[in-house]
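Please load the model in a viewer and keep the sequence panel open. The stops below say what to select and what is found there.

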Amino acid sequence: MTPSRRQLLLGTGAVAALSVLGPPTAAAVAADAGPDVTELGPGNADFPLMSATLIGETLWIGSRNLAPARVVGYHLPTGTVTATVELPTGNFVQGSAAHGGALHLGVTDAPGEANLYRYDGTLTALGNVPGADVRDVAVAPDGTVYATGRQKGRAAGPGLYAWDPATGAVTEVASPAPNATQGRAVAATATHAYLGVGSNLAGGGGATGAALYAVDRATGAVTDITPPELRGDTIIRRITVLGDDLLAVSTEGAPAHVALLDPASHRVLRAFAVPGTKSVTNFQRRGDTLWFTSTEHGVLWRHDLATGALDQLAVPVPEGNSWGLGRLGDTLAGVTEGGTAWTLDLATGAVATRDLVEAGAPASAQLGMSVAARAGRVYVGGNGSLALHDLAAGTVHKLPVPGEAKDTVILDDGTLYLGVYSSQGIWRYRPGADPAPVREAALPQEQNRPQVIRWDADSGLLLLGIQADTTGGGSFVTHRPGSGLPTVHTDPLGPGQLVRAVASGHGQAFLGGDNAKATGPRGDLAAWDPVAGRELWRTATDLGAGVSSLAVHGHTLYGLTVNGRAFTVDLCGSGRAGFTPVIGRRADLGAVAGTNPRLLVSGGALYGISERTLFRLDRDTLAATVLVEVDAEWYSGARLAADEAGVLYTLRGRELIAVRP
């Protein structure tokens, strides 16, 4: 990656004259001199990806979290990117299927706009699956395109939709699982369309697990054909038609399972577990040999349909999600999420890998995930990588990390710790000692989405707040670096609440709760003794929203809710028997902070960050002073870091900036 030029901008943080009111006190936005803002170039520029489909000699690869969304054509014989196609809508290009030499695509984040496309040298918008983030597409022999995805808040659950090549219309075919939270897989034959659903996002609370449905294309009749071996798993991750006689089904579980079915009778021919894996995807077949990919312990597996033998093949590529698998003669080709393409020569066993940006894919600034800073280094997390900005050298270096580094923290010795989604656990990077980040500790697979990681210097523990996508709720995790397994306290705020916020002070850890579902408990606060692993106090609040962030300054706990309300709790006496926490001062900062803001204490000052603004809070009145309008583009909410000199780092748009307040 090449860093952008640096330009010192003075006075860009114009102070907004806004009024913020909230019971029982009123807090006015104060006036202040604008800070110095230095542009440091794109936060994390790369080519993260989310799909790949082979047509002829070219692997067509869909981008993730880039604007505009795009697909590139990676020519296998030459190992170069020979084409780039930009899409007018969408964020993830996740659905991808070939038919008749044309590429069919489905995208996420295109409300009311086209989210189905065909590319055959010319890009054509096919239509819109209403309200959906399209996760998968498939094409029947007659050219009918089927799609499914995630439709948030839809009472009928995820639907199966069809685009008719004769009429050009998109219609709903079936919605057989109203309690599922997501449709993840589709396939089609001449007689049937298939829909795989489950709840790997916003699960728990009675949400439907893995289920597979066959839809008769002539009559519309829906039949549940879920293999018994898969019914206890989370979601059907992939359905693939393999020749004329087999359908392959994979799922997310512990371990993942694969089932082979007869498409004529839907009888299960074989089902087996894939040991040590959570997810299995991307099938290819030749004769009696079946290949498929997984995210754990190498990327490629081989299954002999005649003997039942299952082998793991060593393919030395970066860890992380595999988003496509193709076969060209004796060559298998795939991609991993951080922007790497790989090929395996089946005759010789030779493996070749290629960074897609080096191969000619256009690097672009992706949505940010996290930021940390110390000793002249600034790290910006993205999909499949960290961007390490060396400020003195003016260089940017890519560090591979599987999944998404949702939050990061740096210790005084410069060691960086990361909480990594999905189910990747805690990672570590020591500059000068680790050539790349390494896994420090695993977490239970269902505790998959870290929301926050903090360092408690008093106890010498890492403190994490976790969301459990599949089961609902979450956990509070403590971990002593180098000690082995972390300690996981599941649902410390009660069933249903995830731990979105964690802060430490006075030998205590403070937790703030939220809920991934629209209804259910949220907004609770708790104090824990992190060493003893016990709750000191817990209370429900009348905040009316989940807690987005917490910070301790002096003897006061400061908090922000996901809808931008600030509050305080006096900690004098916290931890003693009989202590009763009371919400003290309050202020409505929604006009300044927007949604899901976060707090940071640095140099005795209290700062807040949102996708809208970087602001400072008066510790006594909760008055907010806007320092910089950032209009930032993050994937999981805005982040803010400070180095040892008190310089703040965040994104403005997708550009990394340094702010000297």
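Which residues have the most contacts inside the largest nonpolar core? Select Val-371, Leu-614, Val-628, Tyr-649 and Leu-656; they hold that place in a core of 28 residues. Bear in mind throughout that this is a predicted model.

**The cores**

To see where the core comes from, colour the elements that give two or more residues to it: strand 4 (36-42), strand 35 (370-374), strand 36 (377-381), strand 55 (605-609), strand 57 (624-629), strand 59 (648-652) and strand 60 (655-660). The most comes from strand 60, which gives four residues. Next, pick Leu-49, Val-72, Tyr-74 and Ala-359, which are among the 20 residues of a second, separate core.

Stay with strands 35 and 36 and select Ala-375, in the loop between them. Its phi is positive, near 55°, in a residue other than glycine. Then go to Leu-622, in the loop between strand 56 (613-617) and strand 57. Leu-622 is not a glycine either, yet phi is positive here too, at about 65°. With a relative accessible area of 0%, Leu-622 is buried.

**A four-stranded open sheet**

Select strands 10 to 13. They form an open sheet in the order 10-11-12-13, with antiparallel pairing. Which strands stand at the edges? Strand 10 (93-99) and strand 13 (123-127) do; each has a single partner strand, so one side of each lacks a neighbour in the sheet. On average, neighbouring strands of this sheet are turned by 25° against each other, direction ignored.

Zoom in on strand 10 and strand 11 (residues 102-107), an antiparallel pair with six bridges. Within this pair, Gly-95 is opposite Gly-106 of strand 11.

**Strand 47 and its two partners**

Move to strand 47 (residues 508-514), where seven of the seven residues are buried. Show the residues by the direction in which they point: Gln-508, Phe-510, Gly-512 and Asp-514 go one way, and Ala-509, Leu-511 and Gly-513 go the other, all of them buried. In a regular strand, side chains alternate between the two faces of the sheet.

Add strand 46 (residues 498-505), which runs antiparallel to strand 47 and is joined to it by seven bridges. Two residues lie between these strands in their hairpin, where His-506 takes a positive phi near 60°. Now add strand 48 (residues 525-529), also antiparallel to strand 47, with four bridges between them. Gly-512 is a useful residue to centre on: Ala-501 stands opposite it, and in strand 48 its bridge partner is Leu-525.

**Thr-251 and two cis peptide bonds**

Select Thr-251 in strand 23 (residues 246-252). Is Thr-251 buried or exposed? Thr-251 is buried, at 0% relative accessible area. A polar atom of its side chain lies 2.3 Å from the backbone oxygen of Ile-235. Leaving out residues up to four places away in sequence, Thr-251 touches residues including Ala-210, Leu-230, Ile-236, His-257 and Val-280.

A little further along the chain, Ala-254 and Pro-255 are joined by a cis peptide bond, with omega about 0°. Pro-255 belongs to the loop between strand 23 and strand 24 (256-261). Another cis peptide bond, again with omega about 0°, joins Tyr-421 and Ser-422; Ser-422 sits in the loop between strand 39 (416-421) and strand 40 (425-429).

**Salt bridges**

How many salt bridges does the structure hold? It holds 28. Three pairs are worth displaying in turn.

- Asp-311 and Arg-302: the closest N and O atoms are 3.6 Å apart. Asp-311 is partly exposed at 32% relative accessible area, and Arg-302 is partly exposed at 33%.
- Arg-449 and Asp-469: the N to O distance is 3.0 Å. Arg-449 is in strand 42 (residues 449-456) and Asp-469 in the loop between strand 43 (461-467) and strand 44 (474-479), 20 residues apart. Arg-449 counts as buried at 14% relative accessibility, as does Asp-469 at 1%.
- Arg-654 and Glu-633: the closest N and O atoms are 2.8 Å apart. Arg-654 is in the loop between strand 59 and strand 60 and Glu-633 in the loop between strand 57 and strand 58 (641-642), so the pair ties together parts 21 residues apart in sequence. Arg-654 counts as buried at 13% relative accessibility, whereas Glu-633 counts as partly exposed at 33%.

For the last stop, select Arg-428, Arg-430, Asp-434 and Glu-440, which salt bridges with shared partners join into one network.

Key
Residues are numbered from 1 along each chain as its sequence is written. This is a predicted model: local features need pLDDT of at least 70, side-chain atom pairs count only at pLDDT 80 or more; totals for chains, interfaces and linings use all residues. Side-chain values use heavy atoms; hydrogens and water are left out. A nonpolar core is a set of buried Ala, Val, Leu, Ile, Met, Phe, Trp, Tyr and Cys residues joined through side-chain atoms within 4.5 Å. Buried means under 20% relative accessible area, exposed over 50%, partly exposed in between (1.4 Å probe, protein chains only). Two strands pair if DSSP finds at least two bridges between them. Axes are lines fitted to C-alpha atoms, for helices over the stretch in contact, and angles run from 0 to 180 degrees between N-to-C directions. A polar contact is a pair of N or O atoms within 3.5 Å; within protein, one must be able to donate a hydrogen and the other to accept it, and residues adjacent in sequence count only if both atoms are side-chain atoms. Contact means heavy atoms within 4.5 Å. A salt bridge is a side-chain nitrogen of Lys or Arg within 4 Å of a carboxyl oxygen of Asp or Glu.
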